[in-house]
Number of protein chains: 2
Amino acid sequence: MAFHDFIRDDAGWATLHRETLFEHPYLAVEQVRVYSPARPEPYDWTVCQRKAGVVVAAESLAGGFVLVRQERVAVRATLWEFPAGQIDQGGVHGWKDVLETGLRELQEEAGYEAGADAEVVPIHHFLSSPGFTDEHCYQIWVKGAAPSALGVNRDANERITEVRLFTPSELRAMVASGEIRDANTLCCLARLSALGMRW
Amino acid sequence: MAFHDFIRDDAGWATLHRETLFEHPYLAVEQVRVYSPARPEPYDWTVCQRKAGVVVAAESLAGGFVLVRQERVAVRATLWEFPAGQIDQGGVHGWKDVLETGLRELQEEAGYEAGADAEVVPIHHFLSSPGFTDEHCYQIWVKGAAPSALGVNRDANERITEVRLFTPSELRAMVASGEIRDANTLCCLARLSALGMRW
């Protein structure tokens with residue numbers, strides 16, 4: 001997301017001032033002064049900028065959802081999650097780019113692809129922690145994933161140790177117990193519930 | 001979360017080196033070199049450190065869940081969310097502290113409290129974006145919230161413009177449409193689904 005507007009938009013937002021406090025390949029920190037819709041006076045906020053992401057809830061033709069088990073240094077844990085990845089800056093012009101990136105992550109991380117009669121459904125996005133970061137993650141639902149002839153092709157930053165299919169009732173137990181605990185997977189499951197998918 | 005161990009723990013994690021790249025009242029950025037369970041060689045990662053949070057799914061005695069509408073500068077949007085807040089550093093010694101903070105946020109942000117016969121259920125936590133931050137948010141379910149005689153008491157950093165009860169079916173529609181899109185609320189709803197609460 002790039003916000004260059006110092007003129008109030010229709011909702012009432014405007015950025016009066018912005019200053020980069022920290023820059024790094026994986027995140028940047030900006031101090032901004034904004035007008036917001038609800039306040040007469042501008043106020044200051046600290047925003048951590050991140051690339052957007054995409055997460056893929058892929059239902060296999062064989063039954064069950066594709067999950068990868070991944071080492072997460074920031075929380076010193078190895079977690080079962082839906083396949084996901086970041087979208088290269090400037091690369092998101094619409095759902096077409098998001099779907100391409102999502103399907104590439106599904107193949108590279110998990111070795112699965114959209115099967116011959118698959119339906120690839122763009123769902124929405126979610127915001128991982130809007131109190132401090134602009135990070136948002138697009139959500140895709142692949143109905144009819146199948147093992148890919150290309151196999152997996154993980155980049156050097158991936159820390160994936162396992163791939164497995166889980167049935168909806170296994171997912172339910174893992175969410176209830178807390179074993180599944182990353183926002184990518186939980187937020188997809190919340191959307192799938194709302195869209196009528198039973199798990 | 002503080003990780004000071006340079007000796008491998010039982011899971012296989014050890015931190016060989018850590019360097020603070022950026023410090024700020026709301027976040028810090030650290031470069032770490034770790035041993036992980038799955039790799040023979042240590043590797044480097046960038047971790048954004050944040051305080052833990054707590055989010056409260058409060059079901060009113062009158063029916064419906066308590067949501068607050070809040071301005072979120074980082075994403076330039078005003079969102080309907082479950083009440084939530086950060087937990088003061090060093091203040092988390094167990095669920096007792098988390099529940100206290102959660103109930104305080106419920107009262108201060110929304111003007112609700114646990115009613116006379118309320119059940120306050122600690123659920124679990126979720127990780128907002130474990131690829132880059134240690135931020136985790138504890139989840140609480142209050143069955144039987146009631147308006148508080150103390151009213152609301154918002155601090156200067158709150159940007160809450162409205163409080164309302166939403167029925168489970170209203171929540172469902174807002175999740176399906178994407179109107180609800182913060183991880184706090186979506187991840188709570190996923191847990192409630194898994195625990196058998198229909199929404």
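Start at the interface between the two chains of this predicted model: 100% of the interface residues of chain B are also interface residues in chain A, so the copies meet through the same surface. Select the contact residues on both sides and you'll have 56 residues of chain B against 56 residues of chain A.

Now hide chain A and colour what's left of the selection by secondary structure. On the side of chain B that touches chain A, at least two residues each come from β1 (14-23), β2 (28-35), β3 (43-49), β5 (65-72), β6 (77-81), β8 (112-127), α2 (168-177) and α3 (183-194) of chain B. The biggest giver is α3(B), with eight residues. Recolour by residue type and that side of chain B splits into 31 nonpolar, 14 polar and eleven charged.

Next, bring chain A back and try a superposition. A turn of 180 degrees with a shift of 0.0 Å along the axis lays chain B on chain A at an RMSD of 0.0 Å. That's the relation of a two-fold axis.

Zoom in on chain B again and pick β1, β2 and β3. These three strands make an open antiparallel sheet, ordered β1-β2-β3. β1 and β3 of chain B sit at the edges with a single partner strand each, so one side of each has no neighbour in the sheet. On average, neighbouring strands here are turned by 25 degrees against each other, direction ignored. Follow β2(B) and β3(B) along their seven antiparallel bridges, then click Arg33(B): its bridge partner in β3(B) is Asp44(B).

Last stop, chain A by domain: select 14-49 for domain 1 and 53-194 for domain 2. Their centres, taken over C-alpha atoms, are 30 Å apart.

Technical notes:
Residues are numbered from 1 along each chain as its sequence is written. Chains are lettered from A and ligands numbered from 1 in the order in which they are written. This is a predicted model: local features need pLDDT of at least 70, side-chain atom pairs count only at pLDDT 80 or more; totals for chains, interfaces and linings use all residues. Domain bounds come from an automatic or database domain assignment. Two residues are in contact if their C-beta atoms, placed from the backbone, lie within 7 Å. Helices (H or I, at least four residues) and strands (E, at least two) are DSSP runs, numbered from the N terminus. Ala, Val, Leu, Ile, Met, Phe, Trp, Tyr, Cys and Pro count as nonpolar, Asp, Glu, Lys and Arg as charged, and the others, Gly among them, as polar. Copies are superposed by least squares on the C-alpha atoms of residues with pLDDT of at least 70 in both. Two strands pair if DSSP finds at least two bridges between them. Axes are lines fitted to C-alpha atoms, for helices over the stretch in contact, and angles run from 0 to 180 degrees between N-to-C directions.
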